[in-house]
Each structure stands twice: as structure tokens, then as C-alpha cells.
Amino acid sequence: MRNLTPIGFLLLILFLSISSFAQSKITTLNTEEIGTLNVSYLKLQQESSNKTDYAVYIIYKNQNYIYKQESDTIRLNNMQQLNQLISDLKEGLFIIDDDTKGNSFTGHGYILEKNIGYTENKFLSFVNKEKGIKTTLNKYFVNQLIEWLTLVPFGKG
């Protein structure tokens, strides 16, 4: 009988959490594919509390391994985090052409670092915190990402 009480309590908590998740609604307001990134602007609405949140998701896949499909997501939940990423990307464009500078920027859920390839093209890389998943963007796609992020009407939609 003692073993049933904790299991029953656990099942009750599980039932309540599932029912609260069932009352939330996610709406995709804008989505785009920029290079190897999938970027989305989402509206997260909880019907039980009438609370509405907005978020920008940037999904990037690991390019180190061809056959191992790993991905990670950068979740930007407020305007401050969005502005920080835009600022880091703009600063990354300044250092990408300077061979003497080698900086990395750490933001909310990402590391952005300078990555020089074997060609004349220079890249910025998104790396997750564990440094296990990495994808690169050239200057063209970095500029496209900055433009898309700048046009996001955060908090509206």
C-alpha cells in the first residue's frame, strides 16, 4: 500500500502537467531558411492563463559529420536576447576580414566564433555550449540573418 501512494501522486502530477500543455498553442508567424539555418518567429499562447509569449528559434545542424544528423536550437525569448545576437553578428562581420583578430562571442544558448576555411571565403560559426554541434555561415548568409532578425516585429503578431 505504501508503494501505491507515491506512484499515484506521480501520476496525478503527470496528468496535470499534460493537461496544462494541451491548452497551449504555438503559432508560426514567420519562417525562413537562411543557408543551413531554419529560423522561425513563433507566438506561444497559453489558453489557461491568457498569457502570450513570443520567441525566435534558430535551428542549426551539425556540419562536422555528414551521416550523423544532430541539431541544436537557439531560443531567443525577449528583445534583449534578440538585440544581443544581432550585435554579435554585426561585430563578427567586422572581425571576419581581419586575420589578426580571432574572437568568439557567447550569447544566450550559443557561441559565435570566427572560422577561416581552406578557401578565400571566411565564415562565422554557430557552436553550441558543449561544442559538439557546429555550423558555418558565410558573409552573405550572415547578412541575410541580420536582416531577417532586424525585421522581426518582436512582441507583435
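Student: Which residues have the most contacts inside the largest nonpolar core?

Tutor: Those are Val56, Ile58, Leu89, Phe126, Leu145 and Leu149, in a core of 31 residues. Keep in mind that this is a predicted model.

Student: What makes this set of residues a nonpolar core?

Tutor: The name fits because a nonpolar core is made of buried residues such as Val, Leu, Ile and Phe, joined through side-chain atoms within 4.5 Å. In soluble globular proteins, nonpolar side chains tend to be buried together.

Student: Which elements each supply at least two residues of this core?

Tutor: Strands β2, β3, β4, β6 and β7 do, and so do helices α2 and α3. The largest share, seven residues, comes from α2.

Student: What does Val56 touch, not counting residues up to four places away in sequence?

Tutor: Its partners include Ile74, Leu76, Leu82, Trp148, Leu149 and Phe154.

Student: Why is Ser125 called buried?

Tutor: Buried means under 20% relative accessible area. Ser125 has 0%, so Ser125 is buried. You'll find Ser125 in strand β7, and among its contacts beyond four places in sequence are Ile111, Leu112, Lys134 and Thr136.

Student: How do you know where confidence is lowest and where it's highest?

Tutor: Look at the mean pLDDT: helix α1 (residues 4-22) is lowest at 47, while helix α3 (residues 139-151) is highest at 92. For the protein chain, the mean is 77.

Student: How many contacts beyond four places in sequence does the model have for residues 1-6?

Tutor: Zero, and pLDDT stays under 50 there. Residues 8-12 also have zero such contacts, with pLDDT under 50.

Key
Residues are numbered from 1 along each chain as its sequence is written. This is a predicted model: local features need pLDDT of at least 70, side-chain atom pairs count only at pLDDT 80 or more; totals for chains, interfaces and linings use all residues. Side-chain values use heavy atoms; hydrogens and water are left out. pLDDT is the predictor's confidence in each residue, from 0 to 100. Helices (H or I, at least four residues) and strands (E, at least two) are DSSP runs, numbered from the N terminus. Contact means heavy atoms within 4.5 Å. Buried means under 20% relative accessible area, exposed over 50%, partly exposed in between (1.4 Å probe, protein chains only).
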